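Here's a quick tour to read alongside the model. Keep the 3D view open as you go.

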Amino acid sequence: MKLQWMILLVSCMLTDIKVESNPNLINNVYDDLLIAIHPDIRENLALVDQLKKYFTWASSSLFTATSRRAKLGKVKILIPKTWTNQRYHGAPGNTGLDKGNVIVYKPNLKYGNSPYVRQFSECGLPGEFMHLTPAFLLEETSATQIWGDIGKTLTHEMGHLFWGLFDEYATFEENTGHYYVASETMQGEPVRCTRQLKGENLNIDTGQPCTFDAVTSLPEASCRFHPNFKNTSEASLMFYHFLPSVETFCDNNASNPRTLHNMEAPNTHNRLCRGLSNWEVMRLHPDFRNNNNPPVDGTQVVDTKPTFEIIQERDRKFILAMDISDSMLWVSVSFYVELAKF
């Protein structure tokens, strides 16, 4: 029994387990966001410079998107131990790749260079980590052409990461036709949020206006919604965040149609969150629940630029000093694991 206990402990110590470590929002600031560059990424300090630039933009966008309720504070960038040891690189302490909120790594087979968040299929449950690729970071012009404003792109991903929001655009898996029949008008409507977003319904094969069936009220399978880039709608960042006018999350406040959530649209967010708007989900999160972190006074000038600390990964060291008597069998394995690290 004692030998089995020791084997279990050592196995746990050597296993790379992802630990949930999203930062907490305190006094409108997220401190200690950890961006970790994977050891397989070749040394390139331009990545560090781009991360600083991108997340400075993201902090400003986040502040606007949350109505002055959240911004980034201290951001740590963890570089691999295989990179050149620079004097200004601080020690990582107990921080490692497994605790990164944002991971810089090679393209994913499914998403390519698109930013994404690995998250669970439960509304309001924060994501595990955000994945960014070197190409997304280094090819700034191309990234902006593909995904739009970088700050808003990352704020969209932080919606997944921090508060467990989901995408509000139509996906092949979620809604093949990209359209639905609205209960209010009984007419075919494109999946979008908000419904105030204007655009055209065009056939992607012919470029011609779509034809809506008189019986089903739905268009042909090749019909897609093409938004007008001169829209005035302010939401939703979980829909088409690349539109210039879109800079916040949708809400359930009917007095503001520019941010009003479209609860009928058949998309992932509505399915998993049972029709709740982004802000309804966010207000259930500890960051904003019971009016935590209320908006910063609008007359106050706020510097949203984060501070960055560069730290370098080092080999972890362990000590193994154990009491293996029967009286210690009640102590949890995690207690020994944390005790052993330094």
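What follows covers the sheet, the helices packed on it, one core residue and the cysteines.

This is a predicted model. Its open sheet has six strands, and the structure holds two disulfides. Cys193 and Cys250 sit with their sulfurs 3.7 Å apart, too far for a bond.

**The sheet**
- Reading across the open sheet, the six strands run in the order 7-8-6-3-5-13, and the pairing is mixed.
- Strand 7 (116-118) and strand 13 (307-312) are the edge strands; each has a single partner, so one side of each has no neighbour in the sheet.
- From one strand to the next, the twist averages 25°.
- Strand 5 (residues 74-79) pairs with strand 13 in the parallel sense, over six bridges. Look for Lys74 there: its bridge partner in strand 13 is Thr307.

**Helices on the sheet**
- Helix 2 (residues 45-65) packs on the sheet and touches strand 3 (33-37), strand 5, strand 6 (102-104), strand 8 (129-132) and strand 13. Its direction makes about 150° with that of strand 13.
- Helix 5 (residues 150-163) also packs on the sheet, touching strand 3, strand 7 and strand 8. The angle between the directions of helix 5 and strand 8 is about 150°.

**A residue to click on: Leu33**
- Leu33 belongs to strand 3, and with a relative accessible area of 1% it's buried.
- Leaving out residues up to four places away in sequence, the contacts of Leu33 include Phe55, Val75 and Phe162.
- Leu33 and Phe308 are 275 residues apart in sequence, yet their C-alpha atoms are 9.7 Å apart in space.

**The two disulfides**
- Cys123 is bonded to Cys273, S to S 2.1 Å. The torsion about that S-S bond is about 105°, so the disulfide is right-handed.
- Cys123 is in the loop between strand 7 and strand 8, while Cys273 is in helix 6 (residues 268-273), so this pair ties together parts 150 residues apart in sequence.
- Cys123 is partly exposed at 24% relative accessibility, whereas Cys273 is buried at 3%.
- Cys210 and Cys223 form a disulfide with their sulfur atoms 2.0 Å apart. It's right-handed too, with a torsion of about 105°, and both cysteines are buried.
- Number the bonded cysteines in sequence order and the pairing comes out as 1-4, 2-3.

**The unbonded pair**
- Why aren't Cys193 and Cys250 bonded? Their sulfurs are 3.7 Å apart, and a disulfide needs them within 2.5 Å.
- Cys193 is buried, with a relative accessible area of 0%, and Cys250 is buried with a value of 0%.

Notes:
Residues numbered from 1 in each chain as written. Predicted model: local features only at pLDDT ≥ 70, side-chain atom pairs only at ≥ 80, totals over all residues. Heavy atoms only, no water. Pairing = 2+ DSSP bridges. Helix = DSSP H or I, 4+ residues; strand = E, 2+ residues; numbered from the N terminus. Axes fitted to C-alpha atoms, helices over the stretch in contact; angles between N-to-C directions. Contact = heavy atoms within 4.5 Å. Buried < 20%, exposed > 50% of the residue type's maximum accessible area, 1.4 Å probe, protein only.
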